[in-house]
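Let's take a walk through a protein model together. Keep the picture open beside the text, and find each part as we come to it.

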Amino acid sequence: MNEQQDPLNFADLENFCAVAQYRSFRLAAEKRDSSPSALSHSLRRLEASLGVRLLNRTTRSVTPTDAGSELLTTLAPAFQDIRQALADLRAHSTKVTGHLRLNAPRSLAVHVVSPLINALTKQHPDLQITLVTDDSLVNIVEQGFDAGFRFGESLEQDMLAVPVRRAIRFNVVASPAYLERFGTPEHPGQLLEHACIGLRFPNGKAYAWEFSDQGRPFSVNIKGPLQVDATNLAINSACEGVGLAYVFEHDCQALIEQNRLVPVLQAWMPPAERLYLYHPSRRQMTPAMSALIELIQTQAETNDLSHRHRGQS
């Protein structure tokens, strides 16, 4: 009955390759983060297991035997392939993949959310993103979304929130022709004497225009000849002189610069609102969600730094 041989130890094989390539136990030990005596013991164990002498050792040199040279020729490229395969696997494991379903208000999609999603897609091209825009306050868990964008006052309970960017402001705007014909309101209460373009939520509820009097918030239930369900429609009607519109500042800024719209009641506008990315707190964080949050936080830091520099200049 043949005596059972010890199974080969791959660490011993790697140690052999290092010693045979560097032809030095000392140099090989430095590369392997080991000691010359440990490598010597490893090589004796390997030779005993194989029953073949692999290295010629003298006090001054270490050289492979013919059998050692033949084994090194086979093992060296094999171990290189293994190291490359492991490196590729680690790179793949850090690659952000999967499907991310997001919900956002339609009124914020173009100027706020879309640039963020575009940047995320460029950073992680293997990630699939579905963005659904909806001005109704949907339950993202029930609707199967991974996360949503919403103002802080509308966040659901048991949600984690990440501030997306600098706060967003509102403007009341009208065309120069409308103001020339009907005058410029000086107080929000005077809006009841003007044609105002109303905005309705998908549930049919009309949006009350919100203002602030020295930090005290109040709202005005406006009246007018037209009600729409999209901010861009309100802006278009305001440009045509139909009446005044209450819209996000970023949506009308270019038209103000072109003198197609004029902001009014600036002293009465409420403080800027903060937009948040929110997601369930009990759900395990996926790599895709982590990548989105990291991008949001990086952009927030960049914006803050840019604002500080402009303030110092």
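Start with one residue, Glu-14: with a relative accessibility of 25%, this side chain counts as partly exposed. Bear in mind as you look that the whole thing is a predicted model. Glu-14 has company, since its side chain meets that of Arg-32 in a salt bridge, with N and O 3.9 Å apart. The two come from separate places in the chain: Glu-14 belongs to helix H1 and Arg-32 to helix H2 (residues 25-32), and their positions lie 18 residues apart in sequence. Arg-32 is partly exposed as well, at 31%.

What lets side chains like these pair up? Side chains of opposite charge can do so when their charged atoms come close. Across the whole structure, a search turns up five salt bridges.

Another of them also starts from helix H1. Here Asp-12 and Arg-45 meet, with 2.6 Å from N to O. Asp-12 sits in helix H1 (residues 10-22) and Arg-45 in helix H3 (residues 36-50), so this pair ties together parts of the chain that are 33 residues apart in sequence. Now check how well each partner is covered. Asp-12 is buried, with a relative accessible area of just 3%, whereas Arg-45 is partly exposed at 37%.

A third salt bridge stays inside one helix. Glu-30 pairs with Arg-26, and their closest N and O atoms are 3.3 Å apart. Both residues lie in helix H2, four residues from each other, which is about one turn of the helix. Glu-30 is exposed, with a relative accessible area of 54%.

Let's zoom out for a moment. The protein chain holds nine helices and 14 strands. Of its 313 residues, 37% are buried. Its accessible surface comes to about 18,600 Å², and carbon and sulfur atoms account for 49% of that. Now think about who touches whom: if you take the contacts between residues at least 6 apart in sequence, 73% of them join residues at least 24 apart.

Next, find the sheet. Strands of a sheet pair through backbone hydrogen bonds, and they can run parallel or antiparallel. In this model, five strands form an open sheet in the order S4-S3-S5-S14-S6, and the pairing is mixed. Which strands stand at the edges? They are S4 (127-133) and S6 (159-163); each has a single partner strand, so one side of each is left without a neighbour in the sheet. Moving from one strand to the next, the twist averages 25 degrees.

Have a closer look at the S4 end. Strand S3 (residues 98-104) runs parallel to S4, and seven bridges join the two. If you'd like one pair to pick out, Asn-103 has Val-132 in S4 as its bridge partner. Then look for helix H5 (residues 106-123), which lies across S3, S4, strand S5 (147-151) and strand S14 (275-280). Helix H5 runs at about 180 degrees to S4.

Our next stop is strand S7 (residues 170-174). Are its residues buried or exposed? Five of its five residues are buried. To picture that, remember that in a regular strand the side chains alternate between the two faces of the sheet. In S7, Phe-170, Val-172 and Ala-174 are on one side, Asn-171 and Val-173 are on the other, and all of them are buried, so both faces are covered.

S7 has strand partners too. Strand S12 (residues 245-248) runs antiparallel to it, joined by four bridges, and Asn-171 stands opposite Val-247 there. Strand S13 (residues 262-264) also pairs with S7 in the antiparallel sense, over three bridges. In S13, Val-262 is the bridge partner of Ala-174.

Last of all, the cysteines. A disulfide is a covalent bond between the sulfur atoms of two cysteines. How many disulfides does a search of the whole structure find? Zero. Cys-239 shows why a bond is missing there: the closest cysteine sulfur, in Cys-252, is 9.0 Å from its own, and that is too far. For a disulfide, the two sulfurs would need to be within 2.5 Å. Cys-239 is buried, with a relative accessible area of 16%. Cys-196 is buried too, at 0% relative accessibility.

Definitions and conventions
Residues numbered from 1 in each chain as written. Predicted model: local features only at pLDDT ≥ 70, side-chain atom pairs only at ≥ 80, totals over all residues. Heavy atoms only, no water. Buried < 20%, exposed > 50% of the residue type's maximum accessible area, 1.4 Å probe, protein only. Salt bridge = Lys/Arg side-chain N within 4 Å of Asp/Glu carboxyl O. Pairing = 2+ DSSP bridges. Axes fitted to C-alpha atoms, helices over the stretch in contact; angles between N-to-C directions. Contact = heavy atoms within 4.5 Å. Areas by Shrake-Rupley, 256 points an atom, 1.4 Å probe, with all protein chains shown as cover.
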